[in-house]
Each structure stands twice: as structure tokens, then as C-alpha cells.
Amino acid sequence: MSDPYFYQPAQGHGLPHDPFNAIVGPRPIGWISTRAASGALNLAPYSFFNAFNYTPPLIGFASLGRKDTLVNIEETAEFVWNLATRPLAEAMNASCAAAPPEVDEFALAGLTPVASNIVAVPRVLESPVSFECRRTQIIRLQGASGAPTDSWLILGEVVGVHIARALLRDGVYDTAGSRTILRGGGPADYFEITPENLFRMKRPSYP
């Protein structure tokens with residue numbers, strides 16, 4: 001095997017496009033709806049997103065900069081995660097426009113806000129899965145030196161779950177059939193989960 005390409009991020013990657021996001025991926029999309037204290041709605045996708053705990057169920061995403069989503073969650077302590085799927089890809093992409101706070105991205109993307117059951121933030125009606133969440137922590141990220149970054153990790157407890165019944169097969173959630181999309185690397189790469197890519201491995205027992 002030849003020597004790998006090596007670089008130190010602090011000194012630049014020396015490539016046409018930063019490979020970090022492409023290597024750590026594809027990544028789930030945090031399609032987050034919020035409501036400002038003023039009542040204005042916001043909907044935006046975040047590619048640094050994942051689940052972090054079972055009980056209670058915790059999810060989180062990182063905001064690179066103090067965007068409207070972060071400010072709204074600071075004000076109201078609530079948000080909703082909505083599953084981004086292939087049929088909703090263009091609408092999801094439309095909702096990432098750098099619009100001012102007073103612009104409703106639901107309307108911008110042609111989507112329907114529908115009332116949640118527990119939190120005051122609406123979910124995306126067209127999305128087959130939504131998590132109603134209450135904020136648990138907001139953490140400003142820092143580098144190894146301790147210097148703060150311009151990024152914030154927002155964590156929330158899932159207090160309500162909406163699942164389209166068509167995605168429950170004998171009571172089991174059909175991940176492969178959800179057509180979930182994931183963020184890849186580069187400026188525009190995405191991937192779709194399909195049944196053709198499904199394989200199974202059972203956890204081994206020891207000894």
C-alpha cells in the first residue's frame with residue numbers, strides 16, 4: 001500500500017475541496033423546524049446531525065454560526081426534526097436558502113406546517129417522520145486549545161414521535177423503504193437509502 005495522503009487541517013488540506021465532510025458521511029440530515037418568540041416560523045437543514053442516546057432519546061445538531069434556528073431554540077426551548085426523503089429533496093434544498101428571519105421557509109419551500117401534539121413548533125406535514133423535541137443543552141464547541149469556535153451543538157430530548165403508518169411493517173420501522181436522503185461530500189452530493197443496499201449482520205455473542 002502506498003503512503004496515504006496526509007495533511008494537518010490547521011494548515012489547509014491542499015485539495016480542490018475539503019474532504020472532511022465527504023469522509024464522515026453520508027450523514028443524516030437534521031431538517032429542523034422552529035418558531036421564534038415572535039411567532040415567525042423557520043425551517044432549515046443541518047448536515048451535522050445525529051442521535052446520541054436511547055433513554056431518554058436525545059438528538060442533536062450543530063449550527064455553524066448563530067443562525068435563526070439556534071436563536072429560536074434559545075428563545076423557546078423547542079424544535080422539531082423532520083425526516084428528509086428523496087421526494088422531499090428539492091423542498092429540503094429550497095429551505096436552506098439564506099433568508100432573513102422574517103421569511104417563512106415552509107412557504108418558501110412549498111411545504112405545509114402542521115401542529116405538533118406536544119411542542120408549539122409545527123412539523124412538516126409532508127415528511128413521513130417527525131420528532132417533537134425539547135432543548136436539553138446548547139454547547140459552544142471549542143478546539144483542542146480551548147479556543148471557542150463559531151459553532152454550537154444543540155441537543156434535545158425527543159418527547160413525541162410521528163411515523164407514517166406505511167413505514168411500519170409488522171410493527172417494525174422500514175428504514176430501507178423510507179427513501180431517506182443523506183448528505184455526502186462536495187458542494188452538492190447526496191445519497192438515497194434504498195432496499196437494494198440493505199444487508200444484515202446480527203450482533204455476535206461472546207464467548
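## A predicted model: surface, strands and side-chain pairs

F20, I23 and V24 make a nonpolar surface patch of about 310 Å². The model described here is predicted. Within the patch, F20 belongs to helix α1, which covers residues 20-23. F20 has a relative accessibility of 46% and therefore counts as partly exposed, a class that lies between the limits of 20% and 50%.

**The annotated region**

A UniProt annotation, from an unreviewed entry, reads "domain: Flavin reductase like" and covers residues 24-175. V24, one of the patch residues, is thus at the start of the annotated range. Over residues 24-175, strand makes up 44% of the chain and helix 12%. The C-alpha atoms at the two ends of this stretch are 20 Å apart.

**Strand pairing around β9**

Strand β9 spans residues 148-163 and runs antiparallel to strand β4, residues 58-64. The two are joined by 7 bridges. Among the residues involved, A62 has L153 in β9 as its bridge partner.

Strand β9 also pairs with strand β8, residues 129-142, and this pairing too is antiparallel, with 12 bridges. Here Q137 has L155 in β9 as its bridge partner. How many residues lie between β8 and β9 in their hairpin? There are 5, and G146, in the turn, has a positive phi of about 95 degrees. Strand β9 therefore has pairing partners in both β4 and β8, given that two strands pair when at least two bridges are found between them.

**Aromatic pairs**

The model has 5 aromatic pairs. In one of them, the ring centres of F49 and W81 are 5.5 Å apart and the ring planes are at 5 degrees, so this pair is stacked. F49 is part of strand β3 (residues 49-53) and W81 is part of strand β5 (residues 78-82), so the contact ties together parts that are 32 residues apart in sequence. Are F49 and W81 buried or exposed? Both are buried.

Another pair is formed by F61 and F79, with ring centres 5.8 Å apart. Their planes are at 75 degrees, so the pair is edge-to-face. This pair also links distant parts of the chain: F61 is in strand β4 and F79 is in strand β5, 18 residues apart. F61 and F79 are both buried. Together with Y46, these two residues are linked by ring pairs into a cluster.

Strand β4 thus appears in two settings: it is bridged to β9, and it holds F61 of the edge-to-face pair. Strand β5 holds F79 as well as W81 of the stacked pair.

**Salt bridges**

Side chains of opposite charge can pair when their charged atoms come close. In this model the count comes to 4 salt bridges. The table gives three of them, with the N to O distance for each.

| Salt bridge | N to O distance | Accessibility of the first residue | Accessibility of the second residue |
|---|---|---|---|
| R86 and E90 | 3.3 Å | R86: 33%, partly exposed | E90: 52%, exposed |
| R169 and D174 | 3.6 Å | R169: 51%, exposed | D174: 17%, buried |
| R179 and E192 | 2.7 Å | R179: 37%, partly exposed | E192: 27%, partly exposed |

In the R169 and D174 salt bridge, the two ends fall into opposite classes. R169 counts as exposed because its relative accessible area of 51% is over the 50% limit. D174 counts as buried because its 17% is under the 20% limit.

The side chains of R179 and E192 meet at 2.7 Å, N to O. R179 sits in the loop between β11 (172-173) and β12 (181-183), while E192 is in strand β13 (residues 190-192), so this salt bridge ties together parts that are 13 residues apart in sequence.

**An exposed tyrosine**

Where is Y54 found? Y54 is in the loop between β3 and β4. Its relative accessibility is 77%, so Y54 counts as exposed. The C-alpha atoms of Y54 and Q11 are separated by 38 Å, with these positions 43 residues apart along the chain counted as their separation. The loop that carries Y54 lies between β3 and β4, and those two strands hold F49 and F61, which are buried.

Note on methods. Residues are numbered from 1 along each chain as its sequence is written. This is a predicted model: local features need pLDDT of at least 70, side-chain atom pairs count only at pLDDT 80 or more; totals for chains, interfaces and linings use all residues. Side-chain values use heavy atoms; hydrogens and water are left out. Helices (H or I, at least four residues) and strands (E, at least two) are DSSP runs, numbered from the N terminus. UniProt positions are given in the numbering used here, feature names are shortened, and annotations may be inferred rather than shown by experiment. Patches are made of residues with over 30% relative accessible area and no salt bridge: like charges are joined within 9 Å, nonpolar side chains (Val, Leu, Ile, Met, Phe, Trp, Tyr) within 5 Å. Accessible areas come from the Shrake-Rupley method with a 1.4 Å probe; for residues, only the protein chains shown count as cover. Buried means under 20% relative accessible area, exposed over 50%, partly exposed in between (1.4 Å probe, protein chains only). Rings of Phe, Tyr and Trp (its six-membered ring) pair if their centres lie within 6.5 Å; planes under 30 degrees apart count as stacked, over 60 as edge-to-face and the rest as tilted.
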